[in-house]
Amino acid sequence: MTRRHIATALAALTGATVLFFGLNFLLNPGGAAPGFGIDPWPQGNASGYYVVKGFRDLALAGTVFLLLGLGQRRVLGWVILIDAIVPLGDALAVVTHGGTVATAIGVHVSAAVVVLLSGVMLLTEGRTRPATGRPAPGTSRPAAE
């Protein structure tokens with residue numbers, strides 16, 4: 001398996017994971033919330049935050065899959081690096097709102113590490129010019145010779 005395949009797999013895993021989390025918070029909020037790491041979760045009108053989290057995650061997943069499908073690997077790398085702010089913010093929310101440091105690190109910081117690794121791998125993959133003389137997929141200009 002090449003480094004490019006690993007980067008693609010990590011990017012797809014990033015998208016699939018946040019897609020799952022988003023759908024889980026929208027379709028099964030009572031079951032999804034305990035795994036986040038903050039207890040107790042909002043009740044009554046405040047439970048609208050489940051919808052916010054669900055749609056936030058769906059938007060992140062959609063962006064990842066769109067850029068991956070369009071072959072915009074370098075842009076995807078930057079977007080994924082920026083998106084690493086989300087699980088880091090989630091970890092901060094957990095430790096500042098009654099959750100455990102172990103949950104913050106085990107769930108959210110570990111996710112941020114995978115997301116960061118994915119972004120770095122996408123940004124540092126070799127960008128060589130194919131034999132056709134056209135730019136490599138996902139690049140906007142030919143690679144330097």
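A residue counts as buried when its relative accessible area is under 20%, as exposed when that area is over 50%, and as partly exposed in between; the legends below use these words for a model that is predicted.

**Figure 1. Overall view of the six helices of the protein.** The predicted model holds six helices and zero strands, and from the N terminus on its elements follow one another as α-α-α-α-α-α. Of the 145 residues of the protein, 34% count as buried. Five salt bridges are found in the structure, and some of them are taken up in the next two views.

**Figure 2. Close-up of the salt bridge between Glu125 and Arg4.** The closest N and O atoms of Glu125 and Arg4 are 3.2 Å apart. Glu125 belongs to the segment after H6, whereas Arg4 sits in helix H1, so this pair ties together parts of the protein that are 121 residues apart in sequence. With a relative accessible area of 11%, Glu125 is under the 20% limit and is therefore buried, while Arg4, at 37%, is partly exposed.

**Figure 3. Close-up of the salt-bridge network that includes Lys53, Arg56 and Asp57.** Lys53 and Asp57 form a salt bridge in which the closest N and O atoms are 2.5 Å apart. Both residues are in helix H3, and because they are four residues apart there, about one helical turn separates them. Lys53 is buried, with a relative accessible area of 10%, and Asp57 also counts as buried, with a relative accessibility of 2%. Asp57 forms a further salt bridge with Arg56, where the closest N and O atoms are 3.2 Å apart; Arg56 itself is partly exposed, with a relative accessible area of 30%. Through salt bridges that share partners, Lys53, Arg56, Asp57 and Asp90 are joined into one network.

**Figure 4. Close-up of the largest pocket, with a volume of about 470 Å³.** Of the 25 residues that line this pocket, the closest to its centre are Thr17, Val18, Phe21, His108 and Ala111. The elements that give two or more residues to the lining are H1, helix H3 (49-69), helix H5 (85-96) and helix H6 (101-124). The largest share of the lining comes from H1, which contributes eight residues. Sorted by class, the lining of the largest pocket consists of 15 nonpolar, five polar and five charged residues.

**Figure 5. Close-up of a nonpolar surface patch of about 360 Å².** The residues that make this patch are Leu19, Leu23, Leu27 and Phe65. Helix H1, which covers residues 3-27, gives the most to the nonpolar patch, with three residues. Leu27, one of the residues of the patch, is placed in helix H1. The relative accessible area of Leu27 is 70%, which is over the 50% limit, and Leu27 is therefore exposed.

**Figure 6. Close-up of Leu76 in helix H4 and its separation from Leu123.** Leu76 lies in helix H4, which is made of residues 73-83, and at 0% relative accessibility it counts as buried. Although Leu76 and Leu123 are 47 residues apart along the chain, their C-alpha atoms are separated by 8.4 Å.

**Figure 7. Close-up of Gly62 in helix H3 and its separation from Gly15.** Gly62 has its place in helix H3, and with a relative accessibility of 38% it counts as partly exposed. In sequence, Gly62 and Gly15 are 47 residues apart, whereas in space the distance from C-alpha to C-alpha is 7.4 Å.

**Figure 8. Close-up of Thr100 in the loop between H5 and H6.** At 42% relative accessibility, Thr100 falls between the 20% and 50% limits and so counts as partly exposed. The C-alpha atoms of Thr100 and Asp39 are separated by 9.9 Å, and these two residues are 61 residues apart along the chain.

Methods
Residues are numbered from 1 along each chain as its sequence is written. This is a predicted model: local features need pLDDT of at least 70, side-chain atom pairs count only at pLDDT 80 or more; totals for chains, interfaces and linings use all residues. Side-chain values use heavy atoms; hydrogens and water are left out. Patches are made of residues with over 30% relative accessible area and no salt bridge: like charges are joined within 9 Å, nonpolar side chains (Val, Leu, Ile, Met, Phe, Trp, Tyr) within 5 Å. Accessible areas come from the Shrake-Rupley method with a 1.4 Å probe; for residues, only the protein chains shown count as cover. A salt bridge is a side-chain nitrogen of Lys or Arg within 4 Å of a carboxyl oxygen of Asp or Glu. Buried means under 20% relative accessible area, exposed over 50%, partly exposed in between (1.4 Å probe, protein chains only). On a 1 Å grid over the protein atoms alone, a cavity is a set of points where a 1.4 Å probe fits but cannot get out, and a pocket is an open set with protein on both sides within 12 Å along at least five of seven lines; lining residues have an atom within 4 Å of a point. Grid points are joined across faces, edges and corners, and a volume is the space filled by probe spheres set on the points. Ala, Val, Leu, Ile, Met, Phe, Trp, Tyr, Cys and Pro count as nonpolar, Asp, Glu, Lys and Arg as charged, and the others, Gly among them, as polar.
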